[in-house]
Amino acid sequence: MAASDPDGLMAFPVDTVQRGDGDAAAIAAIAEERGVIRIFVGLPRKLSGQEGTSADDARAFAARLAELTTANVRLIDERFSTATASQAMRSAGRNAKKQRQVIDQAAAVVILENALDVDKNGNLDAVTIEIPRKGNDD
């Protein structure tokens with residue numbers, strides 16, 4: 001997980017939530033505690049842009065999350081986020097392979113930084129996919 005400062009200028013790592021039972025609830029609880037208004041979930045796509053089973057999992061996760069929080073949940077392309085984070089860690093002299101939780105947090109920062117840039121440029125609706133909450137007629 002990553003978060004931004006209140007002005008949305010910079011992203012920083014927060015925590016690592018393990019996938020599995022209760023993962024969406026744990027993230028929703030952290031988001032509510034922090035007063036988060038928007039949550040970005042990485043949408044893994046293939047290099048071709050096509051979606052596979054991992055993207056289906058991300059969409060299902062985002063839908064569960066949208067049910068559990070008042071925050072706006074959006075999917076954003078996460079291609080290259082782990083590679084970018086790993087490269088940055090190697091450049092800083094750290095071994096990303098031995099630090100999976102750290103690389104996951106660094107990748108979350110990359111995803112959030114991308115989302116913040118997209119938002120600053122006014123392209124949020126064009127680049128991300130909003131996940132509606134059930135029963136929301138908006």
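Me: How many salt bridges does the count come to?
Reply: The model is a predicted one. A pair counts when a side-chain nitrogen of Lys or Arg is within 4 Å of a carboxyl oxygen of Asp or Glu. By this rule the total is 7 salt bridges.

Me: Which residue forms a salt bridge with Arg 59 at 2.9 Å, N to O?
Reply: Side chains of opposite charge can pair when their charged atoms come close. Arg 59 is partly exposed, at a relative accessible area of 30%. Its partner is also described as partly exposed, with a relative accessible area of 30%. The side chain that meets Arg 59 is that of Glu 51.

Me: Which helix holds Asp 125, the salt-bridge partner of Arg 74?
Reply: The side chains of Arg 74 and Asp 125 meet at 2.9 Å, N to O. Arg 74 lies in strand β4, and the pair ties together parts that are 51 residues apart in sequence. Asp 125 belongs to residues 124-127, which form helix α5.

Me: Is Arg 74 buried or exposed?
Reply: Buried means under 20% relative accessible area. Asp 125, which meets Arg 74 in a salt bridge, is exposed at 62%. Arg 74 has a relative accessibility of 6%, so Arg 74 counts as buried.

Me: How far apart are the closest N and O atoms in the salt bridge of Glu 130 with Arg 74?
Reply: This pair links distant parts of the chain, with Glu 130 in strand β5 and Arg 74 in strand β4, 56 residues apart. Glu 130 counts as partly exposed, at 46% relative accessibility. The closest N and O atoms of the pair are separated by 3.5 Å.

Me: Which residues are joined into one network by salt bridges that share partners?
Reply: Glu 51 and Arg 59 meet in a salt bridge. Shared partners extend this into one network made up of Arg 45, Glu 51 and Arg 59.

Me: What span does helix α2 reach from its first C-alpha to its last?
Reply: Helix α2 covers residues 53-68, which is 16 residues. At 1.5 Å a residue, the expected span is 22 Å. The span in the model is close to that, at 23 Å.

Me: Why are the buried residues of α2 on the same side, and what arc do they cover?
Reply: An α-helix has 3.6 residues a turn, so residues three or four places apart point the same way. In α2 the buried residues are Ala 55, Ala 58, Phe 61, Ala 62, Leu 65 and Ala 66. They lie on the same side of α2 because the arc they cover around the axis is only 140°.

Me: Which strands are among the elements that cover the buried residues of α2?
Reply: The cover includes one helix, α1 (23-34). It also includes the strands β3 (38-43), β4 (72-77) and β5 (129-131).

Me: What is the handedness of the β-α-β crossover from β3 through α2 to β4?
Reply: β3 and β4 pair in the parallel sense over 6 bridges, and Arg 38 has Asn 72 in β4 as its bridge partner. The chain passes from β3 through α2 to β4, and this crossover is right-handed.

Me: In which sense do β4 and β5 run, parallel or antiparallel?
Reply: 5 of the 6 residues of β4 are buried, so β4 is largely enclosed by the rest of the structure. Leu 75 stands opposite Ile 129 in β5. The 3 bridges between β4 and β5 join strands that run antiparallel.

Technical notes: Residues numbered from 1 in each chain as written. Predicted model: local features only at pLDDT ≥ 70, side-chain atom pairs only at ≥ 80, totals over all residues. Heavy atoms only, no water. Helix = DSSP H or I, 4+ residues; strand = E, 2+ residues; numbered from the N terminus. Expected span 1.5 Å × (residues − 1). Buried < 20%, exposed > 50% of the residue type's maximum accessible area, 1.4 Å probe, protein only. Arc of directions from axis to C-beta. Contact = heavy atoms within 4.5 Å. Pairing = 2+ DSSP bridges. Right-handed = clockwise from strand over helix to strand, strands pointing away.
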